[in-house]
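New to this structure? Have a look around first, and then we'll walk through its nonpolar cores and a couple of unusual backbone spots.

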Amino acid sequence: MKLPNKGKSPAEVVEGRDAAKGNVDQIPAPRTQSRSNRASMGLEGVREVARRDKRVRFTALLHHVTPSLLVESFYALQRNAAAGVDGMTWREYESVLYERVHALHWEVQSGSYRVKPSRRVYIPKADGRQRALGIASLEDKIVQQAVATLLSAIYEEDFLGFSYGFRRGRGQHDALDALTVALKSRKVNWILDADIRSFFDEIDHEWMLRFLEHRIADPRVLSLIRKWLKAGVVENGVRVPAVQGTPQGSVVSPLLANIYLHYVFDLWVHQWRRRNGCGDVIVVRYADDSVFGFESEKTARRFLAAMQERFAQFGLPLHAEKTRLIEFGRFAATNRQRRGQRRPDTFDFLGFTHCCGRDRLGRFQIVRLTAKKRMRATLLSIRQTLLRRRHESVAAVGRWLHRVVQGYYNYHAVPTNLERLDGFRSEVCRAWRHALLRRSQRHRLSWDRFNRLALRFIPCARKLHSYPEARFHASRP
């Protein structure tokens, strides 16, 4: 359906046409929105236009969702992910992929594509509570991945430097490195650790669509996103419509969350610290977790009050228990000792507890340790799994433990954390020995014999990440 021009009568509405059948995978005509000779070809052309003009609105985007992009999106999905309400797994769909991809492309382009609700599941959190996830159907995941790839080409040119969550080429360790370098190189004496309560459940749909319209003017893309937001979830066989929020766990949710916070928070905080900040102000955000550093306590408290007021305008409450203002930095220990107070408080960010410390030469050092709450939850899960698998062969369980422990090291093995990782390995060994003793009533597994077994399968902790300054400056020369 072609919409009438602005100010014209409804008689101008004409019937649209179905998607082309023979050349759907060809590069479109070389005419861009700027009508320049530098044609916008594919996603790279979209990225170039977005980089060149921060105010341009893209009126025609959906034709970039081609069958080849849908195939690429399918192979970008997790292969062992749980199935949605359609019951279709990745392996099952792969056998009919090339039969279905052209039909799925035609449905998307013609407007006959229908979104299915997500399947509601719950996973345990580190604090003992349950986290609600929404698992979309497989074809919804494919289309969401394709549209997310398309939108990322635009918004990666808009996102600010202190935003690290769910972005291509940026990860959790990049955010951790940036925070450590800023704390050591800038005049930071106070830390504000802020967390938005149930952020993914509090996203307002109308605000989300209004923010998207700053860059996206293609009604078909906006219609797709509206369908995903309104699809709701199926829980206990009952469909629950969505009034607000976006299902945590869906493919497109991380990108939508970043876009939402870009307009609600990032642009605002960037302007606030230039206009209202006194002294150094640092910001590092990963999804809905943010850490702020301030030179003065007064500026920190003014910022906290302004941020609460800003978030209240969009219905985003701060988590009272997880939002704290603490004295932290190179002079915090000395100042607190002079006042007769205990050593500086610590804060958690992305699975690490950050502490004020000293290196071997007595210089200020940020000590990063695995958060105890996270480590206890991981150990509990390992103990439970070991008891369930104690009927399996020792070699099979040992190979599984090797993968689990090595994967844990791959994230947590930073320079200042090796001693705590040694303690983690010791607890894993104790849990495995306990499970082996439960295999029979004959308790004849000495520690000497078990230690030889542990050395064979359970790797020892060693540093796998370089120091933050080296990696940060290497990635940003």
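Let's start inside. The largest nonpolar core has 81 residues, and the ones touching the most other members are Phe292, Phe303 and Met307. Helix α10 (residues 253–275) gives this core its largest share, with 12 residues. Apart from this core there is another one, made up of 27 residues, including Leu379, Leu386, Val405 and Phe424. Keep in mind that you're looking at a predicted model.

Which residues does Phe292 contact, leaving aside its neighbours within four places in sequence? Among them are Trp190, Ile191, Leu192 and Ala194. Phe265 and Val269 are also in contact with Phe292, as are Ile282 and Val283. The list also includes Phe303 and Met307, and these two were named with Phe292 for touching the most other members of the core.

Now for the backbone. Here are two residues with a positive phi, neither of them a glycine:

| Residue | Phi | Loop between |
|---|---|---|
| Phe166 | about 55 degrees | α5 (138–155) and α6 (172–185) |
| Leu350 | near 55 degrees | β9 (347–349) and β10 (352–358) |

Is Leu350 buried or exposed? Leu350 counts as buried because its relative accessibility is 8%, and the cut-off for buried is under 20%. Phe166 has a relative accessibility of 44%, so Phe166 counts as partly exposed. That label covers values between the buried cut-off of under 20% and the exposed cut-off of over 50%.

Notes
Residues are numbered from 1 along each chain as its sequence is written. This is a predicted model: local features need pLDDT of at least 70, side-chain atom pairs count only at pLDDT 80 or more; totals for chains, interfaces and linings use all residues. Side-chain values use heavy atoms; hydrogens and water are left out. Helices (H or I, at least four residues) and strands (E, at least two) are DSSP runs, numbered from the N terminus. Buried means under 20% relative accessible area, exposed over 50%, partly exposed in between (1.4 Å probe, protein chains only). A nonpolar core is a set of buried Ala, Val, Leu, Ile, Met, Phe, Trp, Tyr and Cys residues joined through side-chain atoms within 4.5 Å. Contact means heavy atoms within 4.5 Å.
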